[in-house]
Amino acid sequence: MFNKILIANRGEIAARIIRACKEMGIKTVAVYSEADALAPYVWLADEAALLGPAPSAESYLRIDKIIDIAQQLACDAIHPGYGFLAENAEFAEAVAAAGITFIGPTAATIRTMGSKTAARSAMEAVGVPVVPGYQEGGSDDELIKAAADVGFPLLVKATAGGGGKGMRIVHDPTELPSAINSAKSEALNSFGDEQIFLERLIEQPHHIEFQIFGDQYGTIVHLYERECSIQRRHQKIVEEAPSPLLEQNTDLRQRMGQAAVAAAQATGYVNAGTVEFLADDAGNFYFLEMNTRLQVEHPVTELVTGVDLVKLQIRIAAGKPLPFTQTDLSQRGHAIECRIYAEDPANGFLPSIGQIHLVQEPVGPGIRVDSGVTSGDKVSIHYDPMLAKLIVLGDNRSDAIAKMLHALREYVILGDLVTNIRYLWDLLDHDAFRAGHTTTDFVEHHLPTWQSAQAEVPDEVLLAAALTELTTCRTQQADIALQTVDDPFSPWKELSGFRIGA
């Protein structure tokens, strides 16, 4: 087993990995930018090293600095978390070349599955259904010509990257030229690659992904599905397991699970990964992409299967075999995850930055918070605005929804910023969500003009205001004392208990 692991990430996922390492008796090294010097994950680690200034390009994306720190501090493995360099084949190669273990799949797998067009070709070769499209590349004129065969509405998609960047929905042929230009521009700025392809738009689908795991001895299993259909700007905000759709269609679950394992086998997959699909109510499903890393939403799988995915990642990277077979795995209960963002849902989900004065997390049976912030932290413009993940486990879906609503009511984040907590509460309390009608257009269809309802000021806010006022008064008194200390008749001259009029 490893002696020391460097976590090449920040925030809640860095803290999550550090805690898993502590439970396994493995020492940890945190790396941080100047903006994260006081972040909670930094003091959780056994050692910490400064990477550089706040911008990611000068800190968390510096492969050379990360490997140099790992070598100086005698780390024998690096965990990339998710985001940043987690799906960067060059990083995985550089780590291996330095004689350090990369906790994840091979660089070759990352490279193949990191290209959406290469991944589509690999899936077609093993019979996994893919969304009809055109991936041959070419000039803008060739793409426009091919669009007629793909059919409208369609998606213009970046070949590299993810997170909805470099993606445009086109309903009418006249919109296609501008969509191609803007998608190329965004893809180039985001991923350094302007290559795009066309894909038919599957309307009102369910976004369902399967967690897969492979060891170094050829064994590959899936740990069932997560439904990730609740999205804004093509980015997930609520995930759950099991999927409401697949609970009604166990045959579809079996076929999708088999396809996910086949997809992993086609690439000789090792360690944790996720195969993402689009599915419809008629029982059709299509390969979307494969993420060659741990997912943000991995906790819901952990809660329903009882498997610690981070510990399993570390053990697999250390050469251990999978400790179970497919028949050993099952799901128990129902888990839901809400991503807590510093953003304004009433204003196009724009990120919100500022000082956090108070964080009060919900507690109780079946409630878990994976957080990257604490009271006194600042949310900056430099990184993703996700503050934490709130996850609950219930006996069934109705119980999980009730528990999540309770947890959201108990979650307090006060500061000079806006969060999406109230928005998430209204979303989960919506009749359509309760009924399991969770398709990727849910937000646009059911909450298109959401505004926060006026409510009584919570007791926590009144208490914080009172404490702030008290602190201000004490500060003013101290200022007066400093100003009058030379006045021999000042009542502030000595702290004698003097009171005016007493």
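Reader: Is G52 buried or exposed in this model?
Author: The model is predicted. G52 is found in strand β3, residues 47–52. Its relative accessible area is 7%. The cut-off for burial is under 20%, so G52 is buried.

Reader: Which residues does G52 contact, leaving aside neighbours within four places in sequence?
Author: One stretch of partners is Y32, S33 and E34. The others are E58, S59 and K65. The full set for G52 is therefore Y32, S33, E34, E58, S59 and K65.

Reader: How many Å separate the C-alpha atoms of G52 and A35?
Author: Along the chain, G52 and A35 are 17 residues apart. In space, C-alpha to C-alpha, the separation of G52 and A35 is 9.1 Å.

Reader: S59 touches G52. Is S59 buried or exposed?
Author: S59 sits in the loop between β3 and α3. Its relative accessibility is 0%. Burial needs a value under 20%, so S59 is buried.

Reader: Which backbone oxygen does the side chain of S59 reach?
Author: S59 is in contact with S33, L51, G52, P53, A54 and Y383, leaving aside neighbours within four places in sequence. With one of these residues, the side chain of S59 makes an approach at 3.3 Å. A polar contact needs N or O atoms within 3.5 Å. The atom reached is the backbone oxygen of P53.

Reader: Where does T419 lie, and what is its relative accessibility?
Author: T419 lies in the loop between β22 (412–415) and α14 (421–428). T419 counts as buried, because the cut-off is under 20%. Its relative accessibility is 18%.

Reader: Which backbone nitrogen does the side chain of T419 reach?
Author: T419 also touches Y341, A342, E343, P345, L387 and I413, not counting residues up to four places away in sequence. The side-chain approach is at 3.4 Å. The partner belongs to I421. So the side chain of T419 reaches the backbone nitrogen of I421.

Reader: Why is α14 described as largely enclosed by the rest of the structure?
Author: The buried residues of α14 are I421, Y423, L424, W425, D426, L427 and L428. The helix has 8 residues. It is largely enclosed because the buried count is 7 of the 8.

Reader: Is E247 buried, partly exposed or exposed?
Author: E247 is found in helix α9, residues 244–247. Beyond neighbours within four places in sequence, E247 is in contact with P242 and R253. Its relative accessible area is 46%. Buried is under 20% and exposed is over 50%, so E247 is partly exposed.

Reader: How many Å separate the C-alpha atoms of E247 and V95?
Author: E247 and V95 are 152 residues apart along the chain. Their C-alpha atoms are separated by 41 Å.

Reader: P242 contacts E247. What kind of peptide bond runs from A241 to P242?
Author: P242 is found in the loop between β12 (235–241) and α9. Most peptide bonds are trans. From A241 to P242, omega is near 0 degrees. That bond is cis.

Reader: Which residues does the cis peptide bond in the loop between α7 and β7 join?
Author: The loop between α7 (140–150) and β7 (154–158) holds P153. Omega is about 0 degrees for the bond leading to P153. The cis bond joins F152 and P153.

Reader: What phi does A74 have?
Author: A74 is found in the loop between α3 and β4 (77–79). At 57% relative accessibility, A74 counts as exposed. Most residues other than glycine have a negative phi. A74 is not a glycine, yet its phi is positive, at about 60 degrees.

Reader: What phi does Y224 have?
Author: Y224 is placed in strand β11, residues 220–232. At 17% relative accessibility, Y224 counts as buried. Y224 is not a glycine, but its phi is positive, at about 70 degrees.

Reader: Now the whole protein. What radius of gyration does the protein have?
Author: The protein has 17 helices and 22 strands. Its C-alpha atoms fill a box of roughly 90 × 55 × 50 Å along the principal axes. With 502 residues, a compact globule would come near 23 Å. The protein agrees with that, at 25 Å.

Reader: What share of the residues is buried?
Author: The count runs over 502 residues. Burial means under 20% relative accessible area. The buried share is 53%.

Methods:
Residues numbered from 1 in each chain as written. Predicted model: local features only at pLDDT ≥ 70, side-chain atom pairs only at ≥ 80, totals over all residues. Heavy atoms only, no water. Helix = DSSP H or I, 4+ residues; strand = E, 2+ residues; numbered from the N terminus. Rg over C-alpha atoms; globule rule 2.2 N^0.38 Å. Buried < 20%, exposed > 50% of the residue type's maximum accessible area, 1.4 Å probe, protein only. Contact = heavy atoms within 4.5 Å. Polar contact = N/O pair within 3.5 Å; in protein donor to acceptor, adjacent residues only side chain to side chain.
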